[in-house]
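Biologist: Before we go through the two chains, please put the structure up. I will ask about one feature at a time.

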Amino acid sequence: MKSEAALAVSYLRRTGHGDLYIGAPGGGMSRVHLADDDAKARFVTALLKAKCEPGEELELFGEPVAALAGPARARLRRRIAALSPIVGLITNLNVWENVSLAAAYHGTPPLEGVAAMAGDVLSAFGYEARPFLARLPDGLAPLEAKLAELIRLLAAAPELAVVDALQDGLSGAERPRAALFESELRARLPQATLLFVDSKEEDS
Amino acid sequence: MLQSLREIEGGVRLSLAFAARLGQLRRAPVLDSFLRQVYFTGVTASTGVVLRASALGVLIIAITMDVLDADVDLAVKILLLVVFREIGPLAAAVVVILRSGTAMSAEMAMMRVSGQTRALRYLGIDLYDYLVVPRVAAAMLATLVLTVYVQCLAVLGGLALSPFIINASFTELTGRLFELFTPVDFFYSTVKAVLFGFAIAACCCYHGLNPPEVTQNAVPKVVTRAVTQSAMLVLTINAVFAYVVFGILFFGLVTAKV
């Protein structure tokens, strides 16, 4: 796999049926359709862990991850965030606690900024911030849960935002509203690389 | 055998990690989690269950005094040696195991099975910092406070009940209690209560984070293991502590003469 500095993601997986290569240019928006859920889970997990399994090669922001030491890998991970079933909400925390957990734990960004951003995003989707943020994840509809995850992702302000299976589990009425996620992401993370990932199994 | 060794190793690692990360309590979400756990383990337990545990202490005093035909001295010694030093910490530990140990292990096993611990890792949040440290620290504090609470209620109950069983007034018994009470009684039960809290929470956290399989079926297994092993740990600590403090420290090595 050739290293291309302009690529935010360069992923190669060798399988018995041939090679799977995914490349995403830095700062742009890419859509990746994978053959099945297993391939999708492997790809998203490799990105989130900044680590590749045997048979995989991964470069993030032009840096091969295979030989990275622990701290360097952790630094790289901090530049990536995902809206994915793999990174679901914590069920015993309300939406605000879920959204602000990482910011409160790491001490950055300031919670006031997160609260303001959450209010803006929620109002764009027609929700009142205070009651929505006080709800527990188990009481959220699929789109609402994804919205909470979107706010959490935006709060992390990543350089690489992975949106995994956005339409999965949504009703026919919710799907058009999910399209708004893309514009919110683009507007609030203008410099970031956006990677929308889904599988053909979901589409069918 | 191998599994037992693994569990001991895991428990020791978890304990060392807890000691090394105690400073993480300064972080806001960790402190929130700590306060929440103190509330669930300590405050909510302080009404029904602990009152019943204290009543059990009073009952034991009443029966023992009646059976032994106790005088003032013996009555107060029973209160101090049995109720204050032994029953208080043990009753608090039983309450913590039954109410919080079960909840802690089930909650963590559920988080592990449903992938929520993985989500925390991807958010850059250390599981020890966020899940283990606040729970263990809170269980230590809550067990200590519950122990003092049970001790006070049981001893007061015993003092109030004793005049009906033996020929002594409440004032006489109280006066004798203060004469016989030594700082050792206090430190002995305090240190033991803190150790009980630590052992219970560390054991439950360890099992919660290490289920035998990553399926829903593992949750009841985790809870059973956590509760059984916490109870065994508490009894072992109690026995070792009693032997070390009263066997070696005060009387030298205890030997049996036939």
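Modeller: This is a predicted model. To begin with one residue pair, A:Arg13 stands opposite A:Leu20 in S2(A).

Biologist: Which residue is the bridge partner of A:Arg14 in S2(A)?

Modeller: S1(A), residues 7–15, and S2(A), residues 18–25, run antiparallel and are joined by eight bridges. The two strands form a hairpin with two residues between them. For A:Arg14, the partner in S2(A) is A:Asp19.

Biologist: Which strands are the edge strands of the sheet that holds this hairpin?

Modeller: The sheet is open, with four strands in the order S2-S1-S4-S5 (chain A) and antiparallel pairing. S1(A) is joined to S4(A), residues 56–60, by five antiparallel bridges, and A:Val9 has A:Leu60 as its bridge partner in S4(A). The strands that pair on one side only are S2 and S5 (63–64) of chain A.

Biologist: Chain A has another open sheet, in the order S3-S8-S7-S6. By what angle are its neighbouring strands turned against each other on average?

Modeller: This sheet has four strands with parallel pairing. Its edge strands are S3 (29–34) and S6 (80–83) of chain A. With direction ignored, the average turn between neighbouring strands is 20°.

Biologist: Which residue in S8(A) stands opposite A:Ser30?

Modeller: S3(A) pairs with S8(A), residues 193–199, in the parallel sense over six bridges. Opposite A:Ser30 in S8(A) is A:Leu195.

Biologist: And at the other edge, which residue in S7(A) stands opposite A:Ala81?

Modeller: S6(A) and S7(A) pair in the parallel sense, over four bridges. In S7(A), the residue facing A:Ala81 across the pairing is A:Ala161.

Biologist: Are A:Ile80, A:Ala81, A:Ala82 and A:Leu83 of S6(A) buried or exposed?

Modeller: In a regular strand, side chains alternate between the two faces of the sheet. In S6(A), A:Ile80 and A:Ala82 point one way, while A:Ala81 and A:Leu83 point the other way. On either side the answer is the same, as all of them are buried.

Biologist: At about what angle does H1(A) run to S8(A)?

Modeller: H1(A), residues 37–49, has contacts with strands of both orders named above. It lies across S1, S2 and S4 of chain A, running at about 135° to S1(A). It also lies across S3, S6, S7 (160–164) and S8 of chain A, and its angle to S8(A) is about 155°.

Biologist: In which element of chain A is confidence lowest?

Modeller: Chain A averages a pLDDT of 90, and 96% of its residues score at least 70. The highest mean, 96, belongs to H5(A), residues 129–133. Where pLDDT is low, the predicted coordinates should not be read in detail. In chain A, the lowest mean is 60, in residues 200–203, helix H8(A).

Biologist: Turning to chain B, how many helices and strands does it have?

Modeller: Read along the sequence, chain B follows the pattern α-α-α-α-α-α-α-α-α. Its C-alpha trace spans about 65 × 45 × 35 Å along the principal axes, and buried residues make up 41% of its 258 residues. The count is nine helices and zero strands.

Biologist: How do H1(B) and H6(B) stand to each other, roughly parallel or roughly perpendicular?

Modeller: The axes of H1(B), residues 2–20, and H6(B), residues 127–165, come within 10 Å and cross at roughly 90°. Angles of 65 to 115 degrees count as roughly perpendicular. The two helices are therefore roughly perpendicular.

Biologist: How do the residues of that contact divide into nonpolar, polar and charged?

Modeller: H1(B) contributes B:Leu14, B:Ala17 and B:Phe18, and H6(B) contributes B:Tyr128, B:Val132, B:Val133 and B:Val136. By class, they are seven nonpolar, no polar and no charged.

Biologist: Which element gives the largest share of the side of chain B that touches chain A?

Modeller: The contact takes 13 residues from chain B and 14 residues from chain A. The chain B side has seven nonpolar, three polar and three charged residues. The elements that give two or more residues to it are H2 (28–43) and H5 (116–122) of chain B. The largest share is four residues, from H5(B).

Definitions and conventions: Residues are numbered from 1 along each chain as its sequence is written. Chains are lettered from A and ligands numbered from 1 in the order in which they are written. This is a predicted model: local features need pLDDT of at least 70, side-chain atom pairs count only at pLDDT 80 or more; totals for chains, interfaces and linings use all residues. Axes are lines fitted to C-alpha atoms, for helices over the stretch in contact, and angles run from 0 to 180 degrees between N-to-C directions. Angles under 35 degrees count as roughly parallel, over 145 as roughly antiparallel, 65 to 115 as roughly perpendicular and the rest as oblique. Two residues are in contact if their C-beta atoms, placed from the backbone, lie within 7 Å. Ala, Val, Leu, Ile, Met, Phe, Trp, Tyr, Cys and Pro count as nonpolar, Asp, Glu, Lys and Arg as charged, and the others, Gly among them, as polar. pLDDT is the predictor's confidence in each residue, from 0 to 100. Two strands pair if DSSP finds at least two bridges between them. A residue is buried if 20 or more other C-beta atoms lie within 10 Å of its own, exposed if 12 or fewer, and partly exposed in between; C-beta atoms are placed from the backbone.
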